[in-house]
Amino acid sequence: MLYRILRYTLGPILRLCYRVEIEGANNVPREGAVVLASNHLAVVDSFFTPLALPRNVHFLGKAEYFTGKGVKGAFVRWFMKGVGTIPVNRSGGRAAEAALEAGLKTLDEGKIFGIYPEGTRSPDGRLYKGRTGAARLAIISGAPLVPMAVIDTHKAQPMGKVIPKLGARIGVKFGEPLDFSHLRDKANDRDTLRQVTDQIITAIQELSGQEYVDVYASVVKAQLAAEQRQAQEGEQAGQ
């Protein structure tokens, strides 16, 4: 119920303020389990994606979103539950397994599970190498996988900016469903998972038009963070 309220109130506001253009929404099945695999450019991606469809889309979210204190914590918890966010503890060695279990449970209930194959936001607007989680979900569950692309959300909300710029033009595109159900007996085969993941990323790239980088985004982010630390240490040493 809360999701419908948010969709019919917040949805029109977002479309008006950010001139959201939606293409291919009919490619998403009207019922049954669906894996929705998207690129990831900004925090607001998870807000625009569900509001582009009549069905609720369930994304994973940090468990901390559901444990905040005070009025702000209560509001964040209420909103995250309203848009179907699934809390998951991303710390520790079982983070990947916990995410997979949450995704399979959601799909087993006949719902849409949204996932970002890159694993994290792009640091520079380019499309990065995909993790195999989306492929595993689609193969094990047998659910159709719909590739999706958000366009220019990183321009509306650059890294570090909390509130997106008003008036920015944002796009949401959905591709045709991909069927990997015939690969169920190879759900743990590394070569198969890599091939399927690359196919998913290629489908996303065709929708987004992004430049592709054959490196994990998390690796690039770590390198950028190290360079920034070195630069700061150099400045401090020179003072």
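Which strand pairs with strand S2 (residues 34-38), and in which sense, parallel or antiparallel? I looked this up before anything else: strand S8 (residues 145-151) does, in the parallel sense, over four bridges. Pairing here takes at least two DSSP bridges between two strands. I also noted that Leu36 has Val146 in S8 as its bridge partner.

**Ground rules.** I am working on a predicted model, where local features need pLDDT of at least 70 and side-chain atom pairs count only at pLDDT 80 or more, while totals for chains, interfaces and linings use all residues. Numbering runs from 1 along each chain as its sequence is written, and side-chain values use heavy atoms, with hydrogens and water left out.

**Whole chain.** I get eight helices and 10 strands, taken as DSSP runs numbered from the N terminus (helices H or I, at least four residues; strands E, at least two). Of the 239 residues, 43% are buried, meaning under 20% relative accessible area with a 1.4 Å probe, protein chains only (over 50% is exposed, in between is partly exposed). Contacts are heavy atoms within 4.5 Å. Among contacts with a separation of 6 or more, 80% join residues 24 or more positions apart.

**The sheet.** I traced an open sheet of six strands in the order S1-S9-S8-S2-S6-S3, with mixed pairing. Strands S1 (21-23) and S3 (57-58) are at the edges with a single partner strand each, so one side of each has no neighbour in the sheet. On its other pairing, S8 joins S9 in the antiparallel sense over four bridges, and Ile151 stands opposite Gly171 in S9.

**S8 up close.** How many residues of S8 are buried? Seven of the seven are, so the strand is largely enclosed by the rest of the structure. I split them by direction: Leu145, Pro147, Ala149 and Ile151 point one way, and Val146, Met148 and Val150 the other. That fits the textbook picture, since side chains in a regular strand alternate between the two faces of the sheet.

**Helices on the sheet.** Helix H5 (residues 133-141) lies across S2, strand S6 (112-115) and S8, at about 160° to S6. Helix H7 (residues 190-208) lies across S2, S8 and strand S9 (171-174), at about 40° to S8. My angles run from 0 to 180 degrees between N-to-C directions of lines fitted to C-alpha atoms, for helices over the stretch in contact.

I then checked H5 against H7: their axes come within 8 Å and cross at roughly 105°. That makes H5 roughly perpendicular to H7, the label for 65 to 115 degrees. Ala134, Ala135, Arg136 and Ile139 in H5 meet Thr192, Leu193, Val196, Thr197 and Ile200 in H7. Among these, Ala134, Ala135 and Ile139 are on my list of buried H5 residues, which also has Leu137 and Ala138. Just after H5 I found Gly142 with a positive phi, near 80°.

**Cores.** I define a nonpolar core as buried Ala, Val, Leu, Ile, Met, Phe, Trp, Tyr and Cys residues joined through side-chain atoms within 4.5 Å. The largest has 27 residues, and Val35, Leu145, Phe180 and Ile200 touch the most other members. S2, helix H4 (95-108), S6, H5 and H7 each supply at least two residues of this core, and H7 gives the most, with six.

What does Phe180 contact, leaving aside neighbours within four places in sequence? I listed Ala138, Ile139, Leu145, Val196, Gln199 and Ile200. Apart from this core lies another, of 25 residues, including Val20, Val44, Leu51 and Ala52.

Definitions and conventions: Angles under 35 degrees count as roughly parallel, over 145 as roughly antiparallel, 65 to 115 as roughly perpendicular and the rest as oblique.
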